[in-house]
Amino acid sequence: MLVESYTHTSKAQTAPPANGFNTNNNTQLQQASVFVAGRISDHMGMLAQATYQQSSGLFGWDNSDLRYARSLSTANHTAIWGVSLNNNPSLSDVFNTSPAWQFPYTSSNLTPAAPAVPILMGGLAQQAVGLDAYTQIDSALYVEGGVYRTLSPAFLRDVNASYGGRVAGVAPYARLAYTWNLENGNLELGGLAFNARRGLTGASSAGQTVAVAGPSDSFRDMGVDASYQFLNGGDHIVTASALYLHERERLDATYASGGSSHLHDSLHAVNLDASYWYQNTWGATFGASSSDGSNDVIRYSNNGSPNTDSRMVELDWNPFGKANSWVAPFVNMRLGLQYTWYTKFAGLVHNIDGAGRNAADNDTLYLYLWMAI
């Protein structure tokens, strides 16, 4: 899989976003991935991804999931159950509302990113390993639960993954969802929970990121989600998704080290999106996201606000999207045009920082070509 992209921000950044790039108007091979996926045995399969990014110059591991699955049927009920070994909380989910799979499915990695989101939204992605057990009963009730632990800094360096601190003990994850299978699609409502205690990081004598002994920060995430799909087998496809997460934080480690103004903080995050596709070829998506929480003048620069609000519009063309397209399903390509605009951006004083930069200066035009064979 390849993603080639072009990124333009409304105002040039104060410094290049990565080595070898300009402060604005950048093209890059954003992603080149290889996958190992499919059946291993009658009841075991896997999806393992490794990715190269030009911005970092590194090739490392990405989302990976090894799972065992069985089916079960009785006179009145059917079920699928199994176990997943994966490296990203919510990666094992079956809905695009989960943090691991939510919209936008691709976006520029050369623009400023909101610094404040709940830890479940990628805070342990590729840094941890977890074991989840799951079941889906009558294609309706979905239940999942498991625990995660961080991997060692040495291992994460070997696979070119980041390290954000050691999780104390294990971090439990739980998921519950119910799907109503309708005549022309389905409707889903659910909830999810995650609880992690993570320590701080420091630098070794060799300059490598290592864990720091001492207390841990506690992050408790609770969320609800909903999704709808109109899939009638015809020319028109409509989907909509929503996710709300609330995070309660007890910052024993950060507060003791002088990294926060308060011992207790909180965050809220909302993600919404709706898409329309015609003949699985022409698509349009509107998305909105918002994060807010406790003001903390040490954690969030300038006015101490973590609040960020954005809107996004994406237009897509899949030239080989139809079932009878050329060499289907082996050749896949998407050309996408995405525009994001901000009304708030974390840390900006009245949306303007000390250098005169405001939230709208981070508005981003993103053009990408995605290919998979």
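## Lining of the largest cavity

By class, the lining of the largest cavity comprises three nonpolar, five polar and one charged residues; here Ala, Val, Leu, Ile, Met, Phe, Trp, Tyr, Cys and Pro count as nonpolar, Asp, Glu, Lys and Arg as charged, and the others, Gly among them, as polar. The model is a predicted one, in which local features need pLDDT of at least 70 and side-chain atom pairs count only at pLDDT 80 or more, whereas totals for chains, interfaces and linings use all residues. Residues are numbered from 1 along each chain as its sequence is written, and side-chain values use heavy atoms, with hydrogens and water left out.

The residues that line this cavity are Asn-96, Thr-97, Gln-102, Phe-103, Ser-241, Ala-242, Leu-243, Asn-271 and Asp-273. Two elements, β13 (236–251) and β14 (264–278), give two or more residues each to that lining, and β13 gives the most, with three residues. Strands (E, at least two residues) and helices (H or I, at least four) are DSSP runs numbered from the N terminus. The space in the largest cavity is about 30 Å³, and the count is one cavity of 30 Å³ or more. A cavity is a set of points, on a 1 Å grid over the protein atoms alone, where a 1.4 Å probe fits but cannot get out; a pocket is an open set with protein on both sides within 12 Å along at least five of seven lines; and lining residues have an atom within 4 Å of a point. Grid points are joined across faces, edges and corners, and a volume is the space filled by probe spheres set on the points.

## The second largest pocket

The second largest pocket holds about 360 Å³ of space. Its lining consists of 21 residues, and those nearest the centre of the pocket are Arg-198, Asp-217, Phe-219, Thr-254 and Arg-299. By class, this lining divides into eleven nonpolar, five polar and five charged residues.

At least two lining residues of the second largest pocket come from each of β12 (217–231) and β13. The element that gives the most to this lining is β13, with three residues.

## Pairing of β13, β14 and β15

Strands β13 and β14 run antiparallel and are joined by 15 bridges; two strands pair if DSSP finds at least two bridges between them. Within this region, Glu-249 has Asp-265 in β14 as its bridge partner. Strand β14 also pairs with β15 (residues 282–293), in the antiparallel sense and over twelve bridges. The hairpin of β14 and β15 has three residues between the strands, and Gln-279 takes a positive phi near 55° there.

Ser-275 stands opposite Thr-285 in β15. Thr-285 is buried because its relative accessible area is 6%, where buried means under 20%, exposed over 50% and partly exposed in between (1.4 Å probe, protein chains only). Leaving aside neighbours within four places in sequence, Thr-285 is in contact with Phe-103, Asp-273, Ala-274, Ser-275, Met-312, Val-313 and Glu-314; contact means heavy atoms within 4.5 Å. The C-alpha atoms of Thr-285 and Thr-239 are separated by 9.2 Å, with their positions 46 residues apart along the chain.

## Salt bridges

Side chains of opposite charge can pair when their charged atoms come close. The count of salt bridges is eight, each being a side-chain nitrogen of Lys or Arg within 4 Å of a carboxyl oxygen of Asp or Glu. Asp-265 and Arg-299 meet in one of them (3.1 Å, N to O). Since Asp-265 lies in strand β14 and Arg-299 in the loop between β15 and β16 (308–317), the pair ties together parts that are 34 residues apart in sequence. Asp-265 is buried, with a relative accessible area of 6%, whereas Arg-299 is partly exposed at 27%. Asp-93, Arg-175, Glu-188 and Asp-225 are joined into one network by salt bridges that share partners.

Asp-252 and Arg-250 also form a salt bridge, with the closest N and O atoms 3.0 Å apart. Asp-252 counts as partly exposed at 25% relative accessibility, and Arg-250 counts as partly exposed at 37%. In a further salt bridge, the side chains of Arg-39 and Asp-42 meet at 2.6 Å, N to O; both residues, Arg-39 and Asp-42, are exposed.

## Surroundings of Met-44

Met-44 is found in strand β3 (residues 44–53) and counts as partly exposed at 32% relative accessibility. Apart from neighbours within four places in sequence, Met-44 is in contact with Gly-38, Arg-39, Leu-66, Arg-67 and Tyr-68.
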